[in-house]
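Reader: I've got the model open and a few labels I'd like justified. Could you walk me through them?

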Amino acid sequence: MPAGHFYEMHIPAPADERRRADRERARRAGADWLLYPQIRTTVDTAALAADGFLDLPWFIEAQYRVRAGVDDDLRAHLGNSRYRDLRRLVRRAAGEYDYRVLDGAEAAADPAALKDFDRLHALNLAKYGHRYNHLSATALELVLDSPLRDRMRLFLRQSRADGATVQVVLCFLDPTGTELTILAQGIDAALVSPGQNVYRAAFYEIYRWGEGHGVGVFSLGRGNEVKKLDVGANTYHLLANHIGGVSGADPAVFAPMRAALRDFFDRVIGELESTGGHRVTVRR
């Protein structure tokens with residue numbers, strides 16, 4: 001697999017030279033398979049197919065793309081009642097918690113904030129049963145010592161009563177500063193008061209922050225596609241893994257899996273289109 005793909009919602013299709021180099025490296029490592037994960041299915045992958053790679057639909061990436069403006073968009077997307085409910089959640093959170101946004105330099109100068117992210121992200125990993133932590137304290141130190149530091153944003157929610165951090169959200173801007181990827185978050189549910197829904201409130205607050213800083217596209221991650229309609233997702237991209245053999249291995253063995261995955265994602269996309277209606281665009 002190519003380096004860095006754990007930190008991207010999707011990757012570009014590899015060029016011919018890159019693919020040849022990757023296959024040779026995989027051969028030297030004794031690997032049977034070479035995998036390019038999470039390529040959008042709207043991308044031209046004819047060269048991959050010609051080179052013997054098989055596409056396996058694997059995830060759906062969700063985005064909120066600003067159209068008329070955050071508040072107008074969410075009112076139209078959610079309906080008046082659910083939009084008002086969201087705004088009440090945001091006001092309720094603002095009444096109890098302070099909300100801070102740190103850029104990369106500020107985060108690097110705030111060890112307590114980084115420690116809070118590490119702790120709360122670990123809670124999130126445990127909640128969902130993830131075995132590997134690709135955003136460990138060591139990984140963040142590397143990010144903060146790289147050009148990515150300038151694109152990093154860390155959102156923190158802290159109790160006014162005792163200063164405890166109850167929520168962190170790690171985001172990255174794209175090189176143009178117009179797209180924000182919500183990469184990971186963590187919530188200490190034991191510290192969140194009853195009646196609060198800081199998960200949903202954070203999306204609205206991040207959207208409004210982004211709107212004020214020239215962001216027009218928010219990447220909301222992969223998975224939980226239908227639930228993300230409730231936080232404003234209006235654009236979806238089907239992603240596929242492309243797997244190819246290295247030393248004679250034939251990816252045709254994955255054909256039954258491919259057929260089952262296609263059926264599964266056809267159903268998911270059908271549900272998105274029927275639930276979201278004209279407000280939702282699915283690109284496949």
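Author: Sure, let's start with F117, which is found in helix 6 (residues 111-128). Keep in mind that this is a predicted model.

Reader: Why is F117 called buried?

Author: The relative accessibility of F117 is 1%, and the label applies under 20%. So F117 counts as buried.

Reader: Which residues does F117 touch, leaving out those up to four places away in sequence?

Author: L135, L140, L154, V168, L170 and A184. If you want a far-off reference point, take G270: F117 and G270 are 153 residues apart in sequence and 36 Å apart in space, C-alpha to C-alpha.

Reader: What makes a group of residues a nonpolar core here, and how many residues does the largest one have?

Author: Members have to be buried nonpolar residues joined through side-chain atoms within 4.5 Å. The largest such core has 45 residues, and Y207, L220 and Y236 are those with the most contacts inside it. Helix 8 (residues 198-212) supplies the largest share of this core, seven residues. There's also a second, separate core of 19 residues, including L114, L135, L140 and L154. Three of those names may ring a bell: F117 touches L135, L140 and L154.

Reader: What does L220 touch, again leaving out residues up to four places away in sequence?

Author: L220 touches A62, Q63, Y64, I182, F203, Y207, K228, V231 and A233.

Reader: R23 is an arginine, so is R23 buried or exposed?

Author: Buried. The cut-off is under 20%, and R23 comes in at 13% relative accessibility, so R23 counts as buried. R23 sits in helix 1 (residues 16-28). Not counting residues up to four places away in sequence, R23 touches L34, D51, F53, G244, G245 and V246.

Reader: What makes the phi of Q38 worth a look?

Author: The phi of Q38 is near 60 degrees, a positive value in a residue other than glycine. Q38 belongs to strand 1 (residues 33-40). With a relative accessible area of 7%, Q38 is buried.

Reader: And why is N224 called partly exposed?

Author: Exposed needs over 50% and buried needs under 20%, with partly exposed in between. N224 has a relative accessible area of 49%, so N224 is partly exposed. N224 also has a positive phi, about 50 degrees, although N224 is not a glycine. Its place is in the loop between strand 7 (217-222) and strand 8 (235-245).

Reader: Let's zoom out. How many helices and strands does the chain have?

Author: Nine helices and nine strands.

Reader: Why is the chain called as compact as a globular protein of that length?

Author: The globule rule gives 19 Å for 284 residues, and the radius of gyration of the chain is 20 Å, close to that value, so the chain is as compact as a globular protein of that length. Along its principal axes, the C-alpha trace spans about 65 × 45 × 35 Å.

Reader: What share of the residues is buried, and what share of the contacts is long in sequence?

Author: Buried residues are 46% of the 284. As for contacts with a separation of 6 or more, 75% come from residues 24 or more positions apart.

Reader: What about the surface and the charges?

Author: The accessible surface is about 14300 Å², with 52% belonging to carbon and sulfur atoms. The chain has 38 positive and 37 negative side chains, and the centres of the two sets lie 4 Å apart.

How values were computed
Residues are numbered from 1 along each chain as its sequence is written. This is a predicted model: local features need pLDDT of at least 70, side-chain atom pairs count only at pLDDT 80 or more; totals for chains, interfaces and linings use all residues. Side-chain values use heavy atoms; hydrogens and water are left out. Helices (H or I, at least four residues) and strands (E, at least two) are DSSP runs, numbered from the N terminus. The radius of gyration is taken over C-alpha atoms; the globule rule is 2.2 Å times the number of residues to the power 0.38. Buried means under 20% relative accessible area, exposed over 50%, partly exposed in between (1.4 Å probe, protein chains only). Contact means heavy atoms within 4.5 Å. Accessible areas come from the Shrake-Rupley method with a 1.4 Å probe; for residues, only the protein chains shown count as cover. Lys and Arg count as positive and Asp and Glu as negative; His and the chain ends are not counted. The place of a charge is taken as NZ of Lys, CZ of Arg, CG of Asp or CD of Glu.
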